[in-house]
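Me: I would like a close look at a single part of this model, set against the protein as a whole. Please take the whole first and then go down to the part.

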Amino acid sequence: MRKSITFILLCLMSLSVSAQALKGLVVGTDKEPLPFANVVLLKDSTFVSGVVTDDNGIFVFEQPYSSANKIKIAMVGYEDYLAPIAPTGDFGTITLKESSVMLDEVVVKANLPTTRLKGNAMVTSVENSVLSKLGTANDVLSHLPLVSESDGSFTVFGKGTPLIYINGKLVRSSTELQQLSSENIRSVEVVTNPGAQYSSEVQSVIRIKTIPPKGEGFGANLYDQISASHFARNTTDISLNYRHNGLEIFGNGYFYFGKRNNKNEAEMLTYGDNTLHQFINAESDVKANNLYGKLGFSYQFLENHSIGAYYRIGRERDDVHSYGISNVSLYTQSELTSSDEISYDWLNKGIVRPVQEANLYYNGSFGKLDVDFNADFTQSRGDRSDDQFETNANNPDDDRHIVSAGLKKSRLLAEKLILSYPVWKGSIELGEEYTNSRLNYANTYDGAPIDNSLTDIHEDNIAAFASLSQTFGVVNISAGLRYEHVNYKYFENNQLQKDQSKDYNNLFPTFSLSAPINKVNLSFSFTNKTRRPTYRQLDGGIEYINRFSYQCGNPKLQPTKIYLFQLMGMWKYFFAQVSVNHETDAIFWKTSAYKDDPAVKVMSFENVPHYTQLQVAIGAQPTIGCWKPQPVIGMMKQFYTTTYRGEKLSLGKPFFSFTLENLFSLPKNWTLGADFQFTTAGNGQNTFMKPTNKIDLLVRKSFLNNNLSLTLYATDLLNNYPDRTTMYSGDIMTYTYNQFESRSIRFAVRYKFNTTRSKYRGTGAGENEKSRM
């Protein structure tokens, strides 16, 4: 009996060695991970099972295979790798050798999903897909699941504006996305619950990974885009670089000039003993002229160490000419008692110079320890002058001439350090971040009943964070914690305001769990975030809009605390996301009377105690021949009740959205796109928004082995994408209609030679603080 037990134990011990999960990392001769390499298990020469490496070159056989005794790895352009299965099951790093045999033509047919779920991120493969033929990174991002684009700005469904990174380097300007060709992108990750290394205010991140660089010498990327709507606009971007061994020197020039036309309507009803009705019909012509230049270098020394720096300087100028008519009527018990018709003509001139930005970074490895350090500096000065004439048709003695001037100065210093080290079945990440910011606002008025204002804001933010990720078979677990200390000081007329100055000490935990159940990949995550008011929202100075409308911030605003629960799933090419977002001290717009004058309204901000929102999105991303459709249905419903005219008003009508993106990859390097978007009416915060719809078209043709490309865009063909919002605040209802000239025709030309992605590895510091400024 004892011998039988011993025999069984020996068998089980043997199985525990040979029948276990296998894993490894596949790289090429250039030490870069090789995505989509075929990894095959063999029993002698008989096929047992196979997988494909992910974007990072990692393969994992989740199930044990006791019958296999060999592993074979194949990748086009490299020699096959054949070896016995390691006793531990962990192959470590496997380096493939380049093959001396050149293939004339290879045809690969597959029906793999373009997007897959990896942890709490949706990863889209761009390389060798129709997405790689769209033109620029801007075009790729606008066709990702749960990502939408409007006039060059991106939002993630239910998560707002994301931080965007290219190879770990933060994108600071949309021009960087224009400079990156879609053909150089390997994959894009959309993270909807970022971990502890990101600021507590960051709710979404997009990470772009490019194809490894090849080639040295001089390279250039020239881009020009002409847009036509009501007026014409032109954008020119010139990028030059020189690479030799580990040194790269790069420069960039960006030029924009053009004119836009915006139409605005506003209607305001104030209820009380008397009813005040105000209606404004306005139109603006905005002329802008922006110039930027950038110069920098990066140098990779030894094998795993890189340093670099850049300096960017620019100037922004805009002239705004606004004109319109305002009608004001006062009703007593439904009878008209007085009315005014006021026309105004307003000229605003603004210039920001210089806009300065600098970054210094070090990136390296000491054994298994990875180090990433960044230091950043930004500074700008903006001057504004206003000249406004108001004419009262019913009372000439009430005509006004208002002259005002404004000055805004900002400065930011920031640094960030991240250390990462492999631990057990995963890795640990430790880091710290510090930002020091200073802002100054000064406003003067002549001819308006508003006091001059001088505001200074000083803020220091110190953060420390740690995160641990582990993989147990098919289960991946990640947890993190971020601590932030904020010292905020508010000054009016050079006097410290102690009631508005605060110290904050907060802990922000994050957690995620991902695992497949049958054939469905699932991911659950929880994050605790915050949303601090922007500095403009905190500025208590009054800004004159017209004689009936003012605008100001609220120095007493508190940061919003956010608790986010999210569940994501993916099966084949279908994906779904469900999230619940609960906020305390949420920041809402509000409208109130100015100094008890019912005729003059001030638009400002206030904290709301509790606010909850449910978000659901379901979509698919199949490939049918040359056609790649992407339908997505979304729903956002909030749970919020406000007080309007002394009674409770429920604002819970949900939004439903439907988008259908279509891409066609045709012969002769032609690419066609047709996108449709529709959103129903619904409630958001204390507003009701009317439905919108949009149709966009794209045609692209490339020449000279894709070095020259021509792209034609048609945006918002039906011209039905305005902002139509009704806001309820106390006894005041405000309706606004804003038409921002979204319908346009754009034509873009790109020519490039000897271009590869930049080797610059600076990731930046204090990025959320820059957006607040």
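What percentage of the contacts in the protein with a separation of 6 or more comes from residues 24 or more positions apart, and how are strands S29, S32 and S33 joined to one another?

Reply: The model is a predicted one, and in it residues 24 or more positions apart account for 65% of the contacts with a separation of 6 or more. The protein holds 5 helices and 46 strands, and 48% of its 773 residues count as buried. Its radius of gyration is 29 Å, which agrees with the value near 28 Å that a compact globule of 773 residues would have, while the C-alpha trace spans about 105 × 65 × 50 Å along the principal axes.

Turning to the part itself, strand S32, residues 560-571, is joined by 11 bridges to strand S29, residues 520-531, and the two run antiparallel. In this pairing Met-568 of S32 stands opposite Ser-523. Strand S32 is also joined to strand S33, residues 574-594, again by 11 bridges and with the two strands antiparallel; here Leu-564 stands opposite Asn-581 in S33. S32 is thus paired with S29 and with S33. The hairpin of S32 and S33 has 2 residues between the strands, and Lys-572 takes a positive phi there, near 55°. For reading side chains along such elements, it helps to recall that in a regular strand they alternate between the two faces of the sheet.

Notes. Residues are numbered from 1 along each chain as its sequence is written. This is a predicted model: local features need pLDDT of at least 70, side-chain atom pairs count only at pLDDT 80 or more; totals for chains, interfaces and linings use all residues. Side-chain values use heavy atoms; hydrogens and water are left out. Helices (H or I, at least four residues) and strands (E, at least two) are DSSP runs, numbered from the N terminus. The radius of gyration is taken over C-alpha atoms; the globule rule is 2.2 Å times the number of residues to the power 0.38. Buried means under 20% relative accessible area, exposed over 50%, partly exposed in between (1.4 Å probe, protein chains only). Contact means heavy atoms within 4.5 Å. Two strands pair if DSSP finds at least two bridges between them.
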